[in-house]
Amino acid sequence: MARDLSVQIGSLSLKNPIIAASGCFGYGLEYAGSLDIGALGGVASKGLFLNAREGHAPPRIVETPSGMLNAIGLQGIGVHRYISEKLPELRRLGVTNIVNVCGTTIDEYCEVSRALTDAEGVHAIELNISCPNIKEGGIQFGCIQESTYAVVSAVRKATTLPLIPKLTPNVTDVASFARQCEDAGADGVSLVNTFLAMAIDIETRRPKLTNGMGGLSGPAIRPIAVRMVYECAQAVKIPIIGMGGITCAEDVIEFIIAGAAAVQVGTANFVDPFVWNKLIDGLTSYMERHDIARITDLTNTMTKGK
Amino acid sequence: MAIDVLAEILTNRALSADYNVVEFAAPDLARLAEPGQFVMVKTSLGNDPLLRRPFSIFEILRDATGQPRGVSILNKRVGVGTNLIYSTKPGDRLNVLGPLGQPWPRQTADEHWMVAGGVGLAPFVTLAETLAKTNARMRLFYGGRSASDLYYASLFETLGATLVLTTEDGSQGEKGRVTAPLERALSARGTTNVTLYTCGPTPMMRAVATLGAAHHCQTFVSLEQVMGCGMGGCYSCVVQVNDHATPHFVRSCIEGPVFDASRIIWDALVH
């Protein structure tokens, strides 16, 4: 029996629940020569501001136990070059494009979103209110509930595209931020972005990253991310895209049981750019083994108590 | 196109307490490889270390009939991942992803001079083999701290390269830095059109780039940066270049590792 892997997030239709995470897959086209990026559930683009950004001076990453820190600083080409240089080819390849939108002001978030709404081939907006690595914008909207509500509701008015704010785990109660997004009209939420973290070279006593601090990702953070997805699933009705340290199909399934409708995979793609088929195959065989017809039947099904 | 191979280790040859050469069985990858490209090697099967490590493709291994059967890497112990690679055994399997990055560009100069420091020899065997096929005139300027840092020089001699060896302690070749005989040779070359290729410690590459510019020689560098993915996904391995109105970062995994040296903003390069 064929297993139904499709997922709906607002008006966004995904052929399967496996999405390449923003900041971990370039603009997608980098991988098009080696794999069929149209077969992914979706591709979350690198974060885009209105204008191009250079990002931070290297070193931008450092490896940590079962994880890594990054402080890339949202280097990017800006929304207009994305639309003119990347989208046509992404469209041709049949990619489901979830464009990660950044801003330093609410106006910028809205302007970038409007440009994407007018473009052909954008399927959803992931609102980046959670990057820990830049001073202005981003996380300042993701750490104060009123600001989260303000930016999400403003962008909601600026676009008809499915709107998915990406939440930071660097708050006390992530579920309350998911609720703000739901109240402001979001179609879903994605979480978690990286955990603000630090690594120090003990010989030089300098931080290992030029930026000082960076975001922790990889298997090291997975149990915390699963807990946060679970908390949000108890708090909101809109679909959740879960992420944080997924490396294999078992990890995907854990997030879905915790409450995720779909997942994103980031750091694992650095380790294995061909991880995608393994995840989808593993998911399908789990569904067969447990006689699950539709992947949506598995979401938020954790057994509580004994 | 890159492929990922769970490749069996055919041999692991220790060259010293720090250097070794590991041969991987990877015929499909070897068939795709071009001189100057690199591979990303997963140094363990688990999550720690998590990220792969970049290595120049040192040799394209061939069977008796000349068919590609694998690739080798030249490894130097500097951290956890390279220590694991140093201690691998024949029969072990590691994931090897590649070939990646831009190869050395094909040049039509009268002579091709390679300038290597230590483990920076790695991208030159494949270049020398390619140049040898066209009977191109080539030299290898090869410097190390002492004689025990200089490997495979005789291979280059076999391929027809003229060797210029230097050691800082004078234990082999000329005593001092490799850029000293390079500068003399550039000054003495007359009207000969020379292309320079360099890989090694950043100060050495910078000095070679400076000499190349001063002597109007096309100069290419192969840079090694801290790298997350090798495919252009993570934006961690950037180097700053100057070919637009303002300096900007480009990814060394997909625009490099080979760059025209005149593009590089050396002050911004991480050592």
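## A two-chain predicted model

In chain B, B:Pro99 sits within strand S7, which covers residues 93–100. The peptide bond leading into that proline, from B:Gly98, is cis, with omega near -5°. Keep in mind that this is a predicted model.

Chain B has another cis bond to look at. The peptide bond from B:Asp48 to B:Pro49 is cis too, with omega near 0°. B:Pro49 is found in the loop that links strand S3 (38–41) to S4 of chain B.

Those strands belong to a sheet worth tracing by eye. Seven strands of chain B form an open sheet with antiparallel pairing, in the order S4-S3-S7-S1-S2-S6-S5. Strand S4 (53–56) and strand S5 (59–62) are at the edges; each has a single partner strand, so one side of each is left without a neighbour in the sheet. On average, and ignoring direction, neighbouring strands here are turned by 40° against each other. At one edge, S5(B) pairs with strand S6 (residues 68–76) in the antiparallel sense, over four bridges. In that pairing, B:Glu59 faces B:Ser72 of S6(B).

Further along chain B, the pairing is parallel around strand S8. Is S8(B) enclosed or open? Six of the seven residues of this strand (residues 111–117) are buried, so it is largely enclosed by the rest of the structure. It takes 20 or more other C-beta atoms within 10 Å for a residue to count as buried. S8(B) pairs with strand S9 (residues 137–144) in the parallel sense over seven bridges. To get from S8(B) to S9(B), the chain passes through helix H3 (residues 124–133), and this β-α-β crossover is right-handed. S8(B) is also joined by six bridges to strand S12 (residues 194–199), again running parallel. B:His112 is a handy marker for both pairings: B:Met138 stands opposite it in S9(B), and B:Thr195 is its bridge partner in S12(B).

Two residues have a positive phi although neither is a glycine. Here is how they line up:

| Residue | Phi | Place | Other C-beta atoms within 10 Å |
|---|---|---|---|
| A:Arg205 | about 60° | loop between strand S12 (200–201) and strand S13 (206–207) of chain A | 7, exposed |
| B:Asn135 | about 55° | loop between H3 and S9 of chain B | 8, exposed |

The loop holding B:Asn135, between H3 and S9 of chain B, is part of the path of that right-handed crossover from S8(B) to S9(B).

Now for chain A as a whole. This chain contains nine helices and 16 strands. What radius of gyration does chain A have? The value is 18 Å, which agrees with the figure near 19 Å for a compact globule of 306 residues. Along the principal axes, its C-alpha trace spans about 55 × 50 × 40 Å. Buried residues account for 57% of the 306 in chain A. Taking contacts in chain A between residues at least 6 apart in sequence, 72% join residues at least 24 apart.

Finally, the chains meet. Chain A brings 31 residues to the contact and chain B brings 26 residues. On the chain A side, strand S5 (61–64), strand S6 (67–70) and helix H8 (267–271) each supply at least two residues. Sorted by class, that side has 15 nonpolar, eleven polar and five charged residues.

Note on methods:
Residues are numbered from 1 along each chain as its sequence is written. Chains are lettered from A and ligands numbered from 1 in the order in which they are written. This is a predicted model: local features need pLDDT of at least 70, side-chain atom pairs count only at pLDDT 80 or more; totals for chains, interfaces and linings use all residues. The radius of gyration is taken over C-alpha atoms; the globule rule is 2.2 Å times the number of residues to the power 0.38. A residue is buried if 20 or more other C-beta atoms lie within 10 Å of its own, exposed if 12 or fewer, and partly exposed in between; C-beta atoms are placed from the backbone. Two residues are in contact if their C-beta atoms, placed from the backbone, lie within 7 Å. Two strands pair if DSSP finds at least two bridges between them. A crossover is right-handed if, with the strands pointing away from the viewer, the path from the first strand over the helix to the second runs clockwise. Ala, Val, Leu, Ile, Met, Phe, Trp, Tyr, Cys and Pro count as nonpolar, Asp, Glu, Lys and Arg as charged, and the others, Gly among them, as polar. Axes are lines fitted to C-alpha atoms, for helices over the stretch in contact, and angles run from 0 to 180 degrees between N-to-C directions.
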